[in-house]
Amino acid sequence: MTAPHSTPLGRWNPTVKLATVLVVSTGALLVTDPYTPAIGWLLTVGALLVVGRVPVRTLALAHVPFLVFATSLLVVNIATRPGGDPVDLGLVTVGSDGLTIGAGLAVRTLLVGALSLTVATTTDPVRLMTSLHQHGRLPLTWTYAVLAAHRLLVELPDAWHTIRCAQALRDPRRRHGVLPRSPRALGSAAFALLVGAVRRSERLTVALESRGLGSGPRTTSRPVPLGVPDVVAAVGVLAVAAAVVLAGVLGGWVTGLGALTA
């Protein structure tokens with residue numbers, strides 16, 4: 001996968017990027033029709049693929065949790081919201097109100113998910129925390145704590161694999177190339193992973209305290225710049241979002257803005 005900082009989206013100042021995503025996501029919650037968030041989702045996915053250079057497979061797998069949640073919203077609203085003209089879906093006939101509201105909520109979920117992936121897949125965690133400390137005035141102790149937690153999470157898959165391989169070596173009944181899958185073995189591995197994570201977090205805490213974290217002001221070895229292009233990019237994204245909503249109003253599918261309760 002391409003390094004986040006080597007793409008245009010990756011070079012965008014993380015604080016400005018995060019603020020822009022939050023503004024657009026909040027605005028998306030006020031739109032009740034399914035067409036406006038669908039256009040926004042297509043634009044966001046296109047930006048991730050072209051400008052962010054995120055691999056298609058990575059983007060598709062990252063969409064799975066949001067797709068599952070969106071599908072549940074659609075099904076629940078179709079099943080529980082009567083009213084409107086009947087719509088024949090082949091096997092069942094549903095009300096148009098539940099279908100429209102459910103589709104709006106589902107597509108809106110995909111849009112918010114794609115916007116969150118813009119930050120998650122194109123932003124280096126160290127640059128994000130450094131930028132939030134520099135430009136967002138986030139306390140240094142918070143940024144180091146988040147980075148330490150992120151490092152622990154990143155190391156968990158490798159630690160899990162190591163524990164499982166150690167179990168296989170100690171199991172006299174094991175078959176070559178097959179890891180033990182019994183509930184007892186999985187539970188033991190999960191407990192060992194938890195204990196190891198707690199011990200690593202303690203070592204990180206001691207290391208940070210020994211280096212004087214929180215004792216006073218500290219310098220930044222690799223500051224994250226904030227320039228005019230970052231602000232122009234934010235204004236451009238917000239302008240595109242406003243243009244999509246305006247097009248919906250002129251097109252007639254956006255009849256009003258307001259919070260929609262599922």
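**Close-up 1. Helices α2 and α6 of the predicted model cross roughly perpendicular to each other.** Residues 14-28 form α2, and residues 125-134 form α6. Their axes lie 8 Å apart. The packing angle is about 85°, which falls between 65 and 115 degrees and therefore counts as roughly perpendicular. From α2, the contact takes Pro-14, Thr-15 and Leu-18. From α6, it takes Arg-127, Leu-128, Ser-131 and Leu-132. Four of the contact residues are nonpolar, two are polar and one is charged.

**Close-up 2. Helices α6 and α7 run roughly antiparallel.** The two axes come within 9 Å. They cross at roughly 170°, and angles over 145 degrees count as roughly antiparallel. Pro-125, Val-126, Met-129 and His-133 are the α6 side of the contact. They meet Leu-140, Thr-143, Val-146, Leu-147 and His-150 of α7. By class, six of these residues are nonpolar and three are polar, with no charged residue in the contact.

**Close-up 3. Trp-12 sits in the loop between α1 and α2.** Trp-12 counts as buried because its relative accessibility is 8%, and the cut-off for buried is under 20%. Beyond its neighbours within four places in sequence, Trp-12 touches Lys-17, Thr-20 and Arg-127, among others. Its contacts also include Asp-230, Ala-233, Ala-234 and Val-237. Ala-233 lies 221 residues away from Trp-12 in sequence. In space, their C-alpha atoms are 7.9 Å apart. Arg-127 appears in two views, as a contact of Trp-12 and as part of the α6 side of the contact with α2.

**Close-up 4. Thr-7 lies in the segment before α1.** Helix α1 itself covers residues 8-11. With a relative accessibility of 1%, Thr-7 counts as buried. Thr-123 is 116 residues away from Thr-7 in sequence. The two C-alpha atoms are 9.7 Å apart.

**Close-up 5. Helix α5 is mostly covered.** It spans residues 96-122. Of its 27 residues, 19 are buried. At 1.5 Å a residue, α5 should span 39 Å. Its end C-alpha atoms are 38 Å apart, which agrees with that expectation.

**Close-up 6. Helix α8 has buried residues covered in part by α7.** Residues 183-210 make up α8, a run of 28 residues. The expected span is 40 Å, and the end C-alpha atoms are 41 Å apart, which agrees. The buried residues are Ala-185, Ala-189, Leu-193, Gly-196, Ala-197 and Arg-200. An α-helix has 3.6 residues a turn, so residues three or four places apart point the same way. The cover over the buried residues of α8 includes α7, residues 140-170.

**Close-up 7. Helix α9 packs its buried residues against α1, α2 and α3.** Helix α9 covers residues 228-251, 24 residues in total. From first C-alpha to last, α9 reaches 34 Å, close to the 34 Å expected at 1.5 Å a residue. Asp-230, Ala-234, Val-244 and Gly-248 are buried in α9. Asp-230 and Ala-234 also contact Trp-12. Just after α9 comes Gly-252, with a positive phi of about 95°.

**Close-up 8. Arg-53 and Arg-137 both occupy loops.** Most residues other than glycine have a negative phi. Arg-53 has a positive phi near 55°. Its loop joins α3 (35-50) and α4 (56-80). Arg-53 is partly exposed, with a relative accessible area of 42%. Arg-137 also has a positive phi, about 55°, although it is not a glycine. Arg-137 lies in the loop between α6 and α7. At 64% relative accessibility, Arg-137 counts as exposed, since the cut-off for exposed is over 50%.

**Close-up 9. The whole chain gives the setting for these views, with nine helices and two strands.** From the N terminus, the order of elements is α-α-α-α-β-β-α-α-α-α-α. The chain has 262 residues, of which 31% are buried. Among contacts between residues at least 6 apart in sequence, 74% join residues at least 24 apart. The accessible surface of the chain is about 16000 Å². Carbon and sulfur atoms account for 68% of that surface.

Note on methods
Residues are numbered from 1 along each chain as its sequence is written. This is a predicted model: local features need pLDDT of at least 70, side-chain atom pairs count only at pLDDT 80 or more; totals for chains, interfaces and linings use all residues. Side-chain values use heavy atoms; hydrogens and water are left out. Helices (H or I, at least four residues) and strands (E, at least two) are DSSP runs, numbered from the N terminus. The expected span of a helix is 1.5 Å times one less than its number of residues. Buried means under 20% relative accessible area, exposed over 50%, partly exposed in between (1.4 Å probe, protein chains only). Axes are lines fitted to C-alpha atoms, for helices over the stretch in contact, and angles run from 0 to 180 degrees between N-to-C directions. Angles under 35 degrees count as roughly parallel, over 145 as roughly antiparallel, 65 to 115 as roughly perpendicular and the rest as oblique. Contact means heavy atoms within 4.5 Å. Ala, Val, Leu, Ile, Met, Phe, Trp, Tyr, Cys and Pro count as nonpolar, Asp, Glu, Lys and Arg as charged, and the others, Gly among them, as polar. Accessible areas come from the Shrake-Rupley method with a 1.4 Å probe; for residues, only the protein chains shown count as cover.
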